[in-house]
Amino acid sequence: PEKSKLMVINSKDNVPFIFENIVIRHTHEYIYLGTPISNLFLRKQVKAHIDLKRSHLMKFSAFVKKNKEAPFPVKELVFKSALSSAVLYGCESWLCNDLQYVSSVVLSAKKQLLSVRNQGCSDLVRAELGYPDLNITVKEIQIKFIKKLTSRDDFDGSPAQLALHLAAHVESQAGNYVSSLLNSEIAGLR
């Protein structure tokens, strides 16, 4: 409880919450599992996450520059490590369709992986690597997370179930996004 923070969405209420003599104070931003959660639009929260993780991409860039003669599989392993362990870590919370900022940052790293100038043709880079589109990768991770969450024995009646139900009921951006994710999974549109 001492680590807990209170965040109010769409209100100016900043009164602390007191629980069993523990004061839970108001915050505008909270870092949860390395991902910033805030009142900002989801697209801006995603950008904040990428900006926090930019150092991992800079390490990848430095690795590529220092090891120009390294075989492609070695560079690719470092790239995938930087991408999955840092950049995409926590993407389960990116409940929005606007991943343009993430895509551009990752595309830049892909160009470094192939030793292509940043002005090089993006479509050729995508074709050469053959990786799935970043949006598809993120959605697959999110669907897997939601399936795992909803299949838990303690999901029924949980705060997570209540939050998902409420978000869908009021048709919030996140609620609509989760519904579309689940519908795309059922329809096999991944």
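Helices (H or I, at least four residues) and strands (E, at least two) are DSSP runs, numbered from the N terminus. The model is predicted, so that local features need pLDDT of at least 70 and side-chain atom pairs count only at pLDDT 80 or more, while totals for chains, interfaces and linings use all residues. Residues are numbered from 1 along each chain as its sequence is written, and side-chain values use heavy atoms, with hydrogens and water left out.

**Exercise 1.** Place Ile 37 in the fold and describe its surroundings.

*Solution.* Begin with the chain, which has seven helices and four strands and follows the pattern β-β-β-β-α-α-α-α-α-α-α along the sequence. Ile 37 belongs to strand 4 (residues 35-38). Its relative accessible area is 28%, and Ile 37 is therefore partly exposed, a class lying between buried (under 20%) and exposed (over 50%), judged with a 1.4 Å probe and protein chains only. Turning to contacts (heavy atoms within 4.5 Å), and leaving out residues up to four places away in sequence, Ile 37 touches Met 7, His 28, Glu 29, Tyr 30, Tyr 32, Gln 45 and Ser 93.

**Exercise 2.** Identify the residues with the most contacts inside the largest nonpolar core, and follow one of them outwards.

*Solution.* A nonpolar core is a set of buried Ala, Val, Leu, Ile, Met, Phe, Trp, Tyr and Cys residues joined through side-chain atoms within 4.5 Å. The largest has 32 residues, and those with the most contacts inside it are Phe 79, Leu 88 and Trp 94. Beyond its neighbours within four places in sequence, Trp 94 is in contact with residues including Thr 35, His 49, Leu 88, Val 138 and Tyr 177.
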